Amino acid sequence: MESRVKKKIVFICLGNICRSPLAEGIAREYARSKNYAFEFDSAGISNSHRGESPHLLSQEVSMQIGVDISHLISRPVSFYDQFEVDYFVAMDAQNIRDLLSIGINEEKILKIGDFGLQGADIPDPYYGGLDGFLEVRGMLEVSVKNLCDELQQRGFDCCS
Ligand code: 4NP
């Protein structure tokens, strides 16, 4: 693990079509703008949307801030060998319980709400409309940037 040059962060939500692809897109764009050498991916706890593109409303609210996530494809977290991932960043408390239950090391799990959102869950927007996706985008714009800055400033070891 120590020999990898780029640190790998995988954002996690339930379906990998609404929240975590948006987090991935925001993170990629922000890290690129800041020259942070991180590698980002996203995945779902569930595999029920495997192979699908992000939800159209996630794509829409992302494009509104100049981030194109249309090329991303849903995949389950089981796709990853946890030894190749530095951090799994969960959207909500249930994601964390699910990650623990499939054997992901607790030290590798972070909650995105702990980065400037007082520990809040990122609400699942799947059964709502555009307003829910806009709320999610606002929360992720704050927290994903905080996460990136904190990991960079503390030499990436702040949370392990
Ligand atoms: P996500 O949203 O976890 O943010 O991708 C959901 C997507 C699909 C479902 C639930 C949440 N679903 O029940 O199919």
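The following exercises with worked solutions go through the cores, rings, cysteines and ligand surroundings of a predicted model.

Residues are numbered from 1 along each chain as its sequence is written, and side-chain values use heavy atoms, with hydrogens and water left out. Because the model is predicted, local features need pLDDT of at least 70 and side-chain atom pairs count only at pLDDT 80 or more, whereas totals for chains, interfaces and linings use all residues.

**Exercise 1. Describe the largest nonpolar core and state which element gives the most to it.**

Step 1. A nonpolar core is a set of buried Ala, Val, Leu, Ile, Met, Phe, Trp, Tyr and Cys residues joined through side-chain atoms within 4.5 Å; buried means under 20% relative accessible area, exposed over 50%, and partly exposed in between, with a 1.4 Å probe and protein chains only.

Step 2. The largest such core holds 31 residues, of which F11, I112, L140 and V144 touch the most other members.

Step 3. With helices (H or I, at least four residues) and strands (E, at least two) taken as DSSP runs numbered from the N terminus, at least two residues of this core come from each of β1 (7-13), α1 (19-34), β2 (38-44), β3 (87-90) and α4 (130-153). The element that gives the most is α4, with eight residues.

Step 4. Another core, of eleven residues, lies apart from the largest one and has V10, V85, A90 and I104 among its members.

**Exercise 2. Classify the ring pairs Y36 with F38 and Y126 with Y127, and add the burial of each partner.**

Step 1. Rings of Phe, Tyr and Trp (its six-membered ring) pair if their centres lie within 6.5 Å, and planes under 30 degrees apart count as stacked, over 60 as edge-to-face and the rest as tilted; six aromatic pairs are present in the structure.

Step 2. For Y36 and F38 the centres are 5.7 Å apart with 45° between the planes, which is a tilted pair. Y36 is buried, because its relative accessibility is 13%, and F38 is buried as well, at 10%.

Step 3. For Y126 and Y127 the centres are 4.8 Å apart and the planes stand at 80°, so this pair is edge-to-face. Y126 is partly exposed at 33% relative accessibility, while Y127 is exposed at 75%.

Step 4. Ring pairs also join F11, Y30, Y36, F38 and F40 into a cluster.

**Exercise 3. Determine how many disulfides the structure has and how far C13 is from the nearest cysteine sulfur.**

Step 1. The criterion for a disulfide is a pair of cysteine sulfur atoms within 2.5 Å, and a search of the whole structure finds zero of them.

Step 2. For C13 the nearest cysteine sulfur is that of C18, 6.9 Å away, and C13 is in no disulfide. C13 is buried, with a relative accessible area of 2%.

**Exercise 4. Place N16 in the fold and relate it to the ligand.**

Step 1. N16 is located in the loop between β1 and α1 and, although it is not a glycine, has a positive phi of about 60°. At 2% relative accessibility, N16 counts as buried.

Step 2. Taking as near any residue with a heavy atom within 4 Å, the residues around the ligand include C13, N16, C18, D124, Y126 and Y127.

Step 3. A polar backbone atom of N16 is 3.2 Å from an oxygen atom of the ligand, a polar backbone atom of C18 is 2.9 Å from a ligand oxygen atom, and a polar side-chain atom of Y127 lies 3.2 Å from an oxygen atom of the ligand.

Terms used
Polar contact = N/O pair within 3.5 Å; in protein donor to acceptor, adjacent residues only side chain to side chain.
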